[in-house]
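This report introduces the structure to a reader who has not seen it before. The sequence and model are shown first, and selected features follow.

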Amino acid sequence: MITTDVLIVGSGPAGGAASLFLSTYGVDNVVLTRYGWTANTPRAHITNQRTIELMRDMGIEDQVAAKGTEHALMGETAFCTSLAGEEIGRIRTWGTHPRRLADYTEASPTLPCDLPQTLFEPILLSTAAERGARLRFNTEYLSLEQDEDGVTATVRDRLRSASGPDQAHPGDTTYQIRAKYLIGADGGRSKVAQDIGLPMAGSMDVEGSMNIVFEADLSRYVAHRPSVLYWVLQPGAQIGGIGAGLIRMVRPWNEWLIVWGYDITQPAPVVDEAMATEIVHNLVGDDTIDVKLKSTSVWSVNHMYAQKATVGRVFCMGDAIHRHPPSNGLGSNTSIQDAYNLAWKLSLVLKGHAAPALLDSYDEERVPIARQIVERANKSRTQFGQIFRALGMTPDAPPGRTIESRKDDTPEGAAQRDELRTAIELKDYEFNAHGVELGQRYRSAAVVDDGTAEPAYDRDPELYYHPTTWPGARVPHCWLTRGSETVSTLDVVGKGRFTLLTGIGGEAWVKAAQAVSEHLGVPVEPFVIGPGHELDDLYGDWARAREIPDDGCLLIRPDAHVAYRSSGLPDDAAETLQQVLSTLLGR
Ligand code: FDA
């Protein structure tokens, strides 16, 4: 029987990332996917700052940058009657507005980029394999059984079953894999989630949608307003789908994906070449363009999240626990971030550094996020309605209102223009929701409460990221110096180990970290940040962000979230730290 520490079912963003993180931490894992290769259509593409930070921690940010479309080309998002038709409004997206660019660059050493799933998955998987993961393609998960010591999965070799009974083993196409833990990263129709009976809330198939992937040189319609998204507001664009018709850039400016809705109460349309070409010509607004169709598919919009992600030794992640439309670009990002949350915990437990109870915090931390993003993405989808109303395209719009009437020199025309501006501004909650993208704060047994109240949000919590070192939050990014090098606080933490950050006067914390690390056998790397030390805060930004005095300390988890914070030096720092880490690790 094949044995492994962690069996990962699914090689999409969640499974691929889980394998990458585990392999990097030195954890033995096997990944299987029912298909012969990775995603064959572009699917998810917006790659947010947090995801790129994780790739930076893995040392492969350069690979993402090399394949992705850069931030500067992502943001002139247009609303139009067609690409060639009238432009109704524009919104700068993904932090490209000068004011928002300041927020985004201040918050992270990275910027978002556009990386289609077809290009991202091979980066995740190939790096995982280089680091020791064992990959099995054409292998279908069938069932699992778990006991006190592990999980046994039955899988089918689809290559053998496709080519008839193997000569050496006639009729034998199924076999078993024994693992200490199993990750169900098998997507929106997860069989693993179903087999372990995860309770789900919400509904599947709330709207119908289709994807049309095609090649066409559309430079003349987009070069003056480079963006990854062009929204088409035509009659019919509100039916089904993701709020409006969409022309999405896959590769600038000659590969595209159109998303167009259909009425879910009707049978799904058969999108043949003629229909697809007609939709492309219609949304582009030019039937002379040469369209080379690459693929079409019909899919449905879901509004569903798991209320629990773990049963025993089986953990689900990605679309298996959050199913929602692509609005806000949260699908693959959240899937990868789920994996990052679980991987370090599994690694510590498997190495004997933490009790299995640490794994309970995966549910406590990620289940609320699953719900949050499903609700957010679905709300964003419906908020297109206000734009359609402002253009007179909904039954509740004021009588006489049309797309043309917004040009009128009348009080009604002025009111309409106002309403349109407000409706477009509301889309910031989809396209510039920096708080949702970066502001996740955890509450769980893997975070030690320091007795302080959660810091209030002084701006909108969904639109704006609020840096804080409040335990459970991601450590704020600040630029520090290391000799002639400039490094982010996020470059100092991570790498699969705990980090302790203190300042001048906090040297006792350093000794404590070394002693506790040795005693528990868990790596804790301490840093004093200040003049005369390896890391200095020449800009003073860290002193402004850290929310503790020089002799306080922050204990940072391997996933860059604050585990513990002390606002000063206790009498016995080693004893304090020992208690904190023991509690956290369940020892
Ligand atoms: P994902 O579905 O990517 O991967 C599941 C993996 O499990 C696959 O490797 C599959 O082979 C494997 N698997 C499933 N069952 C198995 C079994 N029984 N045995 C073995 N392997 C099994 N998002 C977005 O932001 N923008 C977009 O435009 C789109 N568009 C889009 C189009 C289509 C057609 C789909 C299906 C999805 C999207 N998405 C999207 C959503 C996005 O792709 C999604 O959020 C992520 O892929 C989720 O990643 P996961 O790894 O969780 O699942």
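## Surroundings of the ligand

In this predicted model, the shell around the ligand is made up of 11 nonpolar, 17 polar and 6 charged residues. The ligand is surrounded by 34 residues, and the closest of them are Gly10, Gly12, Gly187, Gly318 and Gly331. Two helices, H1 (13–24) and H10 (331–350), each give two or more residues to this shell, as do strand E8 (139–146) and strand E15 (292–306).

## Domains of the chain

The domain assignment divides the protein chain into three parts. Domain 1 is assembled from the segments 2–69, 114–198 and 305–377, whereas domain 2 covers 385–426 and domain 3 covers 474–585. Between the C-alpha centres of domain 2 and domain 3 there is a distance of 54 Å.

## Packing of H17 and H19

Two packed helices are described by the angle between their axes and the distance between the axes. Helix H17 (residues 507–520) packs with helix H19 (residues 573–585) at an angle of about 45°, and their axes are 8 Å apart. H17 is therefore oblique to H19. The crossing in which H17 passes H19 is right-handed.

On the H17 side, the contact is formed by Ala508, Trp509, Lys511, Ala512, Ala513, Ala515, Val516, His519 and Leu520. H19 contributes Ala573, Ala574, Leu577, Gln578 and Leu581. Sorted by class, the residues in the contact of H17 with H19 comprise 11 nonpolar, 2 polar and 1 charged.

How values were computed
Residues are numbered from 1 along each chain as its sequence is written. This is a predicted model: local features need pLDDT of at least 70, side-chain atom pairs count only at pLDDT 80 or more; totals for chains, interfaces and linings use all residues. Axes are lines fitted to C-alpha atoms, for helices over the stretch in contact, and angles run from 0 to 180 degrees between N-to-C directions. Helices (H or I, at least four residues) and strands (E, at least two) are DSSP runs, numbered from the N terminus. Angles under 35 degrees count as roughly parallel, over 145 as roughly antiparallel, 65 to 115 as roughly perpendicular and the rest as oblique. A crossing is left-handed if the near helix is turned anticlockwise from the far one by less than a right angle, and right-handed if clockwise. Two residues are in contact if their C-beta atoms, placed from the backbone, lie within 7 Å. Ala, Val, Leu, Ile, Met, Phe, Trp, Tyr, Cys and Pro count as nonpolar, Asp, Glu, Lys and Arg as charged, and the others, Gly among them, as polar. Domain bounds come from an automatic or database domain assignment. A residue is near a molecule or strand if its C-beta atom, placed from the backbone, lies within 6 Å of it.
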